[in-house]
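Hi everyone, thanks for making time today. I'd like to walk you through a structure that is new to most of us, so let's get it up on the screen.

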Amino acid sequence: MGNKLLNKEIQNYINANLKTDLHSLLLKKSPFPKVSMHEIVQQIKGKQVAERKFPFLLKEGILFPPQLNLEQSSSEKTALYKSEMLKGNKFIDLTSGFGIDAFYLSQNFDDITLVEQNTELLNIVENNWCILGRKAKFINLKLEDFLNGNQEHFDVIYLDPARRDEQKNKVFLLEDLSPDILEIHEKLLSVSSQVIIKLSPLIDLKYLVSVLPGISRIDVIALKNDVKEVVVLLSSENADKIICNCVNLDSSEPVFSFTFGEEETAESEYSEPENYIYIPNHSILKAGVFNLISQKFALKKLHPNSHLYTSSEKIENFPGRTFEMESVDSKSIKKKGQFNIIAKNYPLKPEEIKKKYGLKDGGDQYLIFTQSKKGKIILKSV
Ligand SMILES: C[S@@+](CC[C@H](N)C(=O)[O-])C[C@H]1O[C@@H](n2cnc3c(N)ncnc32)[C@H](O)[C@@H]1O
């Protein structure tokens with residue numbers, strides 16, 4: 001398939017149609033007898049996704065797989081973050097997919113192996129790595145078969161299990177992933193002392209820690225405050241504590257690291273709102289580190305379920321958003337006023353609040369509807 005699509009005329013046609021409506025393009029007849037419009041559109045879609053997710057692939061000679069494989073791939077930014085934790089001699093990605101993670105994670109390794117069950121996908125990756133000047137062994141096998149015949153030891157094993165079942169629905173339990181990590185984790189740790197697994201941002205961390213033995217580190221990775229990945233490091237050495245790192249990429253917020261034991265013993269002080277209000281970023285909220293964050297930054301919490309914090313003096317380097325605010329009476333909110341509305345632990349959703357008070361969305365003023373220990377409150381930015 002690769003050679004046909006890399007023909008200069010076809011590539012010119014693809015590049016000339018990067019902004020064309022793909023639905024109408026699909027209805028047209030392909031101008032090339034040996035290549036279908038479907039194949040052309042796949043390449044155009046690939047380039048469109050690459051612009052946003054992996055711009056390093058916007059090069060002549062690169063081929064793109066079907067949309068599902070593009071969706072399943074990590075972004076360049078999250079892959080780069082993960083690569084910072086790794087170095088060694090032998091690296092293997094057992095679920096290579098489109099190879100974005102493998103490309104970045106293996107950059108500090110000399111000996112790289114990629115395993116993928118999907119032949120067409122692996123052929124595309126092999127073509128692209130050749131264009132990018134990266135050497136690797138490309139193994140087209142089910143990873144279970146590869147592991148059964150394998151005698152080698154690796155410094156790092158990486159897995160990013162497929163998260164869709166046969167009906168292409170998204171799945172979030174470990175046993176529903178392909179491969180089933182619970183079934184192969186002992187085998188993995190016998191082949192490498194470091195196993196890194198990327199999981200869905202929707203996975204429950206308490207569930208994860210309770211079912212998967214050998215976890216020594218968990219990274220909750222957000223990009224622009226949107227949690228993209230939960231990454232787990234399994235070690236063959238018994239870790240007595242699990243370190244959890246909460247990261248918000250593309251922000252100036254610092255990484256917040258803690259152990260689950262620290263969170264269990266931490267206690268929050270409570271207070272009515274003071275001058276500053278803090279909303280932790282989504283990686284912190286995902287990790288459930290609600291009390292330690294208040295203790296470490298000397299902040300008081302408004303309510304056990306609000307996850308909003310307050311201080312009289314401004315605290316720098318908080319991993320989240322900081323607002324200077326005052327409490328207001330609902331009667332003082334002007335109809336048709338323009339606000340960004342945040343509702344946390346409040347009976348109404350922002351849409352319902354907007355309707356009730358006749359407010360418009362946007363602008364640079366904020367209204368937070370929440371609860372303190374004394375009851376419902378409204379905060380307005382000053
Ligand atoms: C989520 S994708 C990996 C994406 C990749 N990390 C990237 O950044 O492009 C998962 C891949 O694992 C492959 N896979 C799932 N189960 C497998 C198995 N048992 N053996 C080999 N490959 C498998 C799927 O075919 C799919 O391409």
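I'll talk about the ligand, then a cavity, and then a pocket. One thing to keep in mind throughout is that this is a predicted model.

Let's begin with the ligand. Which residues come nearest to it? There are 23 residues around the ligand, and the nearest are Asp101, Glu116, Leu143, Asp160 and Ser178. If you sort that shell by class, you get 9 nonpolar, 9 polar and 5 charged residues. As for helices, H7 gives at least two residues to the shell, and so does helix H9, which spans 143–149.

Now please zoom in on the oxygen atoms of the ligand. The side chain of Ser73 has an N or O atom 3.2 Å from one ligand oxygen. With Ser74, a backbone N or O atom is what lies 3.2 Å from an oxygen of the ligand. Phe98 also takes part through its backbone, where an N or O atom sits 3.3 Å from a ligand oxygen. And how much of the ligand does the protein cover? On its own the ligand has 610 Å² of accessible area, and the protein covers 96% of that.

Next, the cavity. How many cavities of 30 Å³ or more does the structure hold? The count is 1, and the space in this cavity is about 40 Å³. Phe98, which we just met beside the ligand, is also part of the cavity lining. The other lining residues are Phe56, Leu57, Gly99, Ile100, Phe103, Asn128, Trp129 and Leu132. By class, that makes 7 nonpolar and 2 polar residues, with no charged ones. Two helices, H7 at 100–105 and H8 at 119–132, each bring at least two residues to this lining. H8 has the largest share, with 3 residues. You may recall H7 from the shell around the ligand.

Last stop: the second largest pocket, with about 400 Å³ of space. It is lined by 17 residues, and those closest to its centre are Lys206, Phe260, Glu263, Ala287 and Gly288. Here the lining does include charged residues: 6 of them, along with 8 nonpolar and 3 polar. Where do the helices come in? Look for H11 at 205–211, H12 at 260–265 and H13 at 282–287, as each supplies at least two lining residues.

That's the tour, and thanks for listening!

Terms used
Residues are numbered from 1 along each chain as its sequence is written. This is a predicted model: local features need pLDDT of at least 70, side-chain atom pairs count only at pLDDT 80 or more; totals for chains, interfaces and linings use all residues. Side-chain values use heavy atoms; hydrogens and water are left out. On a 1 Å grid over the protein atoms alone, a cavity is a set of points where a 1.4 Å probe fits but cannot get out, and a pocket is an open set with protein on both sides within 12 Å along at least five of seven lines; lining residues have an atom within 4 Å of a point. Grid points are joined across faces, edges and corners, and a volume is the space filled by probe spheres set on the points. Helices (H or I, at least four residues) and strands (E, at least two) are DSSP runs, numbered from the N terminus. Ala, Val, Leu, Ile, Met, Phe, Trp, Tyr, Cys and Pro count as nonpolar, Asp, Glu, Lys and Arg as charged, and the others, Gly among them, as polar. A residue is near a molecule or strand if one of its heavy atoms lies within 4 Å of it. A polar contact is a pair of N or O atoms within 3.5 Å; within protein, one must be able to donate a hydrogen and the other to accept it, and residues adjacent in sequence count only if both atoms are side-chain atoms. Accessible areas come from the Shrake-Rupley method with a 1.4 Å probe; for residues, only the protein chains shown count as cover.
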